[in-house]
Amino acid sequence: SGGSPVAAEIASRSCQTMLYADKQALETDLKVSLLAIRERELNLYTSCFRNIGTMSGVFAGFAYEGCCLASYFFPPDSSTTMRSTYLFVTTIAMDLNVAALFAATVCAALGPGLALRGPDGSMERAVEGLALEYRITFVTFCLGVFSFYVSASLYVIIMMNWLMMVLLLVLMLFSLHFTVSACKRIYKKFRLPAHMAVGGNFNVDGSIGRAVGTQK
């Protein structure tokens, strides 16, 4: 009977060890599941950055050609002010698209690298950082596209006679209106209100985390 307390103590410690091991295994499984959810968000933003980078490169190339070659085709009697304005706007279009291209390339390269090789919590930091940078990059890309439209309009005004100029300007205005209308329609169709946006993270109390920019 003297060995009973010792045996009970050993059994108690063994039970505590098993419970601790089960708790650690549960926490590990939970972390793996949360990382898998956040990885989907990481892949989403990375794919978006790559798409923006591709299109920004295309527009930047067009703008660069416009800066380098268009001046050789300007009529000798064209307005110096209009030519200078054209080169200025075209340079802005090129700069904005190059900025969007550079930002998209850097984010697509460094974001996943941080999530993969960083310390504990790097996945959360990478996803939130990409979400914020994506908004800035997208706005920069849109401004570059708009500047490209303005540049094309100025080129038409400088190069064409008045009849062809009017026809092409009307065509470009229609194209711009159609593009803006399509963007508004698509935005309304897929718009996600800020108060309904849900992130892949979880709070300490077990509640679902909010998307970046909606947390209070």
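**Exercise 1. State how much area the protein chain exposes and which atoms supply 68% of it.**

Solution. The protein chain exposes about 14,800 Å². Carbon and sulfur atoms supply 68% of that area. The area comes from the Shrake-Rupley method with a 1.4 Å probe; for residues, only the protein chains shown count as cover.

The model is predicted: local features need pLDDT of at least 70, side-chain atom pairs count only at pLDDT 80 or more, and totals for chains, interfaces and linings use all residues. Residues are numbered from 1 along each chain as its sequence is written, and side-chain values use heavy atoms, with hydrogens and water left out.

**Exercise 2. Describe the secondary structure, burial and contacts of the protein chain.**

Solution. Start with the elements. The protein chain has 4 helices and 2 strands. Along the sequence they follow the pattern α-α-α-α-β-β. Helices (H or I, at least four residues) and strands (E, at least two) are DSSP runs, numbered from the N terminus.

Next, burial. Of the 216 residues, 27% are buried. Buried means under 20% relative accessible area, exposed over 50%, and partly exposed in between (1.4 Å probe, protein chains only).

Last, contacts, meaning heavy atoms within 4.5 Å. Take the contacts with a separation of 6 or more: residues 24 or more positions apart account for 71% of them.

**Exercise 3. Work out how α2 and α3 are oriented to each other.**

Solution. Two packed helices are described by the angle between their axes and the distance between the axes. Axes are lines fitted to C-alpha atoms, for helices over the stretch in contact, and angles run from 0 to 180 degrees between N-to-C directions.

Helix α2 spans residues 80-117 and helix α3 residues 122-159. Their axes come within 8 Å and cross at roughly 160 degrees. The two helices are therefore roughly antiparallel to each other, a label for angles over 145 degrees (under 35 is roughly parallel, 65 to 115 roughly perpendicular, the rest oblique).

The crossing of α2 and α3 is left-handed. That is, the near helix is turned anticlockwise from the far one by less than a right angle; clockwise would be right-handed. The residues of this contact divide into 25 nonpolar, 10 polar and 3 charged. Ala, Val, Leu, Ile, Met, Phe, Trp, Tyr, Cys and Pro count as nonpolar, Asp, Glu, Lys and Arg as charged, and the others, Gly among them, as polar.

**Exercise 4. Place Ser147 and Ser151, and list what each touches, not counting residues up to four places away in sequence.**

Solution. Ser147 lies in helix α3. Its relative accessibility is 11%, so Ser147 counts as buried. Ser147 touches Val89, Ile92, Ala93 and Leu96.

Ser151 is also found in helix α3. At 7% relative accessibility, Ser151 counts as buried. Ser151 touches Tyr86, Val89 and Thr90. Its C-alpha atom is 8.4 Å from that of Ala63, 88 residues apart along the chain.

**Exercise 5. Describe the packing of α3 and α4, then place Ser175.**

Solution. The axes of α3 and α4 are 9 Å apart, at an angle of about 170 degrees. The pair is therefore roughly antiparallel. From α3, the contact includes Phe146, Tyr149 and Ala152. From α4, it includes Met165, Leu168 and Ser175. The contact residues divide into 10 nonpolar, 3 polar and no charged.

Ser175 is in helix α4 (residues 162-190). With a relative accessible area of 28%, Ser175 is partly exposed. The C-alpha atoms of Ser175 and Tyr149 are 9.5 Å apart. Along the chain, these two are 26 residues apart.

**Exercise 6. Is Met55 buried or partly exposed?**

Solution. Met55 sits in helix α1 (residues 4-69). Its relative accessible area is 39%, so Met55 is partly exposed. Leu101 is 46 residues from Met55 in sequence and 8.2 Å away in space, C-alpha to C-alpha.
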